[in-house]
Structure formats: C-alpha cells, structure tokens
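Here is a quick walk through one protein chain, for anyone meeting it today. Have a look at the sequence and the fold, then read on.

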Amino acid sequence: MVQDERLEKALNTLHEYVLSLAEQAGEKEEYGEKLWQGIRRSGGLLQELAYYHDYGKFLCEYVVAGYTLADVLVWQVDHFKLYMDRPEEMNRYRTPRLLLSAFDTMLQMEKDPLPFVKKMEGESGQDAVNN
C-alpha cells in the first residue's frame, strides 16, 4: 500500500505542476487539465514530465517518429523566431508555454506524427533571403 500511496502522491504533484505551468503560460485551467489527462495516459510522456519536474531538463528517452521532446522544443523555438518583431505573440521567452506546447505536440504526434514530421523537416524558422 505504501508504494501505491507514493505513486498517487507523485501523480498529484505532476498534475499540480502541469496546472501551474498552464497558469504561468496564460492558459485556462481546462487546457492544463486536458493536457494532464493526455500526459497521464502516455507512459513515455509521463516519465519525461516527471524527469523534467525533478531535474529541470529533458530525459529524451521517449521518441515519437524519431523525435524527442527536446527536438520538438528546438523546432518550436526556431519556428517562433519568425515572431521576433511581435513579442506579445512570441513564445521564445515564455518557458512554461513552450514546455507545455512541446508536450502537447508530442501527444498529437502519438496519434498522427506525419503532419508534424513534415513541418519539422520543411520549416527552418529562418527568414528567406533572396540573393
């Protein structure tokens, strides 16, 4: 029974963590709750979240279609460089929002990775320069 209690306590801690991140990111509680339910059902993402919560960095063991959470985050930061002229829309400096978005993207990739793989392979986030 002690192990079950520890597991439940850990899950409650992670649940509150996701809700707190959602609040920090300016998202509604419903978004955080929906994201938490998805992460909780995904063994790989749950492990990644627990590791990030404890150590402040990605474990990078869970892979979907060849991509880890860190890969998704790097793509997002690169992609959102396009918005540098509009800081109010910019996710680059909003760590909670980027983190949640990476988890959300990975949850979507679990269901259908192809659209995201195409985007990540096709978008550099760099402004095109005509010579």
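## A pair of rings to start with

Tyr 52 and Phe 58 are both buried, where buried means under 20% relative accessible area, exposed means over 50%, and partly exposed is anything in between (1.4 Å probe, protein chains only). Before going further, note that this is a predicted model: local features need pLDDT of at least 70, side-chain atom pairs count only at pLDDT 80 or more, and totals for chains, interfaces and linings use all residues. Residues are numbered from 1 along each chain as its sequence is written, and side-chain values use heavy atoms, with hydrogens and water left out.

## The chain as a whole

The protein chain has 6 helices and 0 strands, so its pattern along the sequence reads α-α-α-α-α-α. Helices here are DSSP runs (H or I, at least four residues), strands are runs of E with at least two, and both are numbered from the N terminus. The chain has 131 residues, of which 37% count as buried.

Now for contacts, meaning heavy atoms within 4.5 Å. Take the ones between residues at least 6 apart in sequence: 59% of them join residues at least 24 apart.

## Aromatic pairs

How many aromatic pairs does the structure hold? There are 2. Rings of Phe, Tyr and Trp (its six-membered ring) pair if their centres lie within 6.5 Å; planes under 30 degrees apart count as stacked, over 60 as edge-to-face, and the rest as tilted.

One pair is Tyr 51 with Tyr 55, tilted, at 4.6 Å centre to centre with 40° between the planes. These two tyrosines sit 4 residues apart in helix 3, which means about one helical turn separates them. In general, an α-helix has 3.6 residues a turn, so residues three or four places apart point the same way. Tyr 51 is partly exposed at 23% relative accessibility, while Tyr 55 is exposed, at 54%. Tyr 52 and Phe 58, the buried residues we began with, make a tilted pair too, with 5.3 Å centre to centre and 35° between the planes.

## Helix 3 and its partners

Two packed helices are described by the angle between their axes and the distance between the axes. The axes are lines fitted to C-alpha atoms, for helices over the stretch in contact, and the angles run from 0 to 180 degrees between N-to-C directions. Angles under 35 degrees count as roughly parallel, over 145 as roughly antiparallel, 65 to 115 as roughly perpendicular, and the rest as oblique.

Helix 1 (residues 2-24) and helix 3 (residues 43-55) have axes that come within 11 Å and cross at roughly 80°, so helix 1 is roughly perpendicular to helix 3. On the helix 1 side, Leu 11, Thr 13, Leu 14, Tyr 17 and Val 18 meet Leu 46, Leu 49, Ala 50, Tyr 52 and His 53 of helix 3. Sorted by type, that contact has 8 nonpolar residues, 2 polar and no charged. For this sorting, Ala, Val, Leu, Ile, Met, Phe, Trp, Tyr, Cys and Pro count as nonpolar, Asp, Glu, Lys and Arg as charged, and the others, Gly among them, as polar.

Helix 2 (residues 29-41) comes within 5 Å of helix 3, axis to axis, crossing at roughly 110°. These two helices are therefore roughly perpendicular as well. Trp 36, Ile 39, Arg 40 and Arg 41 of helix 2 meet Gly 43, Leu 45, Leu 46 and Leu 49 of helix 3, and this contact divides into 5 nonpolar, 1 polar and 2 charged residues.

## The loop after helix 3

Thr 68 lies in the loop between helix 3 and helix 4 (69-80) and is buried, at 11% relative accessible area. Leaving aside neighbours within four places in sequence, Thr 68 touches Cys 60, Tyr 62, Val 63 and Met 106.

Most residues other than glycine have a negative phi. Cys 60, though not a glycine, has a positive phi of about 60°, and Ala 65, also not a glycine, has one of about 55°. Cys 60 is in the loop between helix 3 and helix 4, and so is Ala 65. Cys 60 is partly exposed at 32%, and Ala 65 is partly exposed at 44%.

## Two sides of helix 6

Which residues of helix 6 (residues 114-122) are buried? They are Phe 116, Val 117 and Met 120. These cover an arc of only 100° around the axis, so they lie on the same side of helix 6; the arc is that of the directions from the helix axis to the C-beta atoms. On the other side of helix 6, Lys 118 and Gly 122 are exposed.
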